[in-house]
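Please work through the exercises below with the sequence and the structure at hand, and try each task before reading its solution.

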Amino acid sequence: MAIKPPVDESSLEHKHLLEGDFWRRLPAYGQVDEATFLDHRWQAKNTITRVDKLLAALQGVVPESFIRDAEVGFRSAPMNVRCSPYLLSLIDWNDPYNDPLRIQFLPVGSRLLPDHPKLGLDSLGEQADAPVPGLTHRYVDKALFLALDTCPVYCRFCTRSYAIGGDTEGVEKVSLKANRDRWSQAFEYIASRPELEDIVVSGGDAYQLRGDMIREIGTRLLAMPNIQRIRFATKGIAVMPQKILTDDDWFRAIVDTVKDGRALHKDVVVHTHFNHPNEITGITRLALNRLFEEGVTVRNQAVLLRGVNDTPARMGLLIKRLGYIKVHPYYVYVHDLVSGVEDLRTTLQTALDLEKHVRGSTAGFDTPTFVVDAPGGGGKRNAHSYEVYDRTTGVSIYTAPSVKPGQLFYAFDPIDQLPVAGRERWANPAEHEPMLAEARAQLGLR
Ligand SMILES: *Cc1c(COP(=O)(O)O)cnc(C)c1O
Ligand code: SF4
């Protein structure tokens, strides 16, 4: 008999969410009371958008050497700084180099690595598949609508660093004016394509849209007979859950759009972006409870990041914790080929290993699919479905028969993670094309 003994409640780490006034640990927020900290307006107003202000908030909290290191990091980073008080207060400033949130939002010069020679700013080729600026129609029945280009925070590793996060102050209003026309063009295109059933409304981040804008997008799309599914994408829930609790205008706009959709037998859901279990606190649980009570489905799309969630323990805890707060882990993306963040990328093998550990640990519908978004516009591919994977050169090849039949899509492991033989070949530009040719030759042998 294989009857399992009961586990000790205290070992169920996914249920132990950070509670209390943890933000007071940071001197900058030492005097902030709970009602203030839970107010989304205070969070937005105190979001730090300048490197000097950020570093000033850390004076006396971290060694001077760390501050100088971060200055160097920001100088060469492709993304601007934008960090909410909530995020800053979740970072363990006693160990900033290894903190999983620091790694995602604040670059430090000493950890940067040279870019892979195959990296680019729009590695997914989103602009090439866009019939209207900001509307990518790559798959047959679904399209990606980038409604705006700002977010409540800026991630170092943003896959859309080609577009996102240029300006910060007041940018929503400016781009709204400029965008009305663009939105209309996008809506007209979507309505003109009977094959389109599913629209991802992203950006940027739907958190930055006003309630009336959410309603406008929802109403326009739901009115189209071809559209059956809409997803609003926002990282906001992960970095500023306060907004779900106190921004009734935004919250009701989402809930009403979900309900309008349901009455029309159309599916409206929210997709979000948690990467590490530390991003899920007692405040997050309150926010997700509020969405759940209103019947709003929330799914998560995480990015696999070195030093953040690339071990079975961390990825496993993230997934269990998401399920616990009723967020469905949907995807884990192998990091795209984005410039300036080579230190964050992992090998494909890392994703394959993690999947093996994670599957079986919880409900199948709460088990994410590990995907590679094929560079050059092949779309998302199950990480395991590679045609070729050379672990010495780090070159993998994918095909996408229902997206771009006949084409090959190449992905590349980070060079510093390769065996010596692979690293030496990438150091020699004359070897680059032969490595791809060898991978193609293996394809022919299958
Ligand atoms: C991710 C993505 C979608 C949605 O794809 P799903 O696999 O259904 O989540 C649609 N269009 C583009 C361009 C995308 O990148
Ligand atoms: S929230 Fe998303 S779109 Fe915005 S910076 Fe982060 S990864 Fe990029």
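The exercises that follow concern a predicted model, and each task is followed by a worked solution.

**Exercise 1. A sheet and its edges**

Work out in which order the strands β10, β11 and β12 are arranged, and explain why one side of some strands is left without a neighbour in the sheet.

Solution. Begin with the arrangement: 3 strands form an open sheet in the order β10-β11-β12, and their pairing is antiparallel. Next, look at the edges, where β10 (388–390) and β12 (409–412) stand; each has a single partner strand, so one side of each is left without a neighbour in the sheet. Neighbouring strands are turned against each other by 20° on average, if direction is ignored. Finally, follow one pairing in detail: β11, which covers residues 395–398, is joined to β12 in the antiparallel sense over 4 bridges, and I397 has Y410 of β12 as its bridge partner.

**Exercise 2. The surroundings of ligand 1**

Find which residues surround ligand 1, and then examine the polar side-chain atoms of R231 and Y331.

Solution. First list the residues around ligand 1, which are T136, Y139, K142, L144, V200, R231, Y330, Y331 and K380. Then turn to distances from an oxygen atom of ligand 1: a polar side-chain atom of R231 lies 2.7 Å away, while for Y331 the distance is 2.5 Å. For K380, a side-chain N or O atom is 3.1 Å from an oxygen atom of the ligand.

**Exercise 3. The place of ligand 2**

Determine where ligand 2 sits and how the residues of its shell divide.

Solution. Start with the location, since ligand 2 sits in the largest cavity. Its surrounding residues include M79, C151, K235 and H273, and the shell divides into 6 nonpolar, 2 polar and 1 charged.

Methods
Residues numbered from 1 in each chain as written. Chains lettered and ligands numbered in written order. Predicted model: local features only at pLDDT ≥ 70, side-chain atom pairs only at ≥ 80, totals over all residues. Heavy atoms only, no water. Pairing = 2+ DSSP bridges. Helix = DSSP H or I, 4+ residues; strand = E, 2+ residues; numbered from the N terminus. Axes fitted to C-alpha atoms, helices over the stretch in contact; angles between N-to-C directions. Near = heavy atom within 4 Å. 1 Å grid on protein atoms, 1.4 Å probe; cavity = no way out; pocket = protein on both sides within 12 Å on 5 of 7 lines; lining within 4 Å. Sits in = over half its atoms within 2 Å of the grid points. Nonpolar A, V, L, I, M, F, W, Y, C, P; charged D, E, K, R; others polar. Polar contact = N/O pair within 3.5 Å; in protein donor to acceptor, adjacent residues only side chain to side chain.
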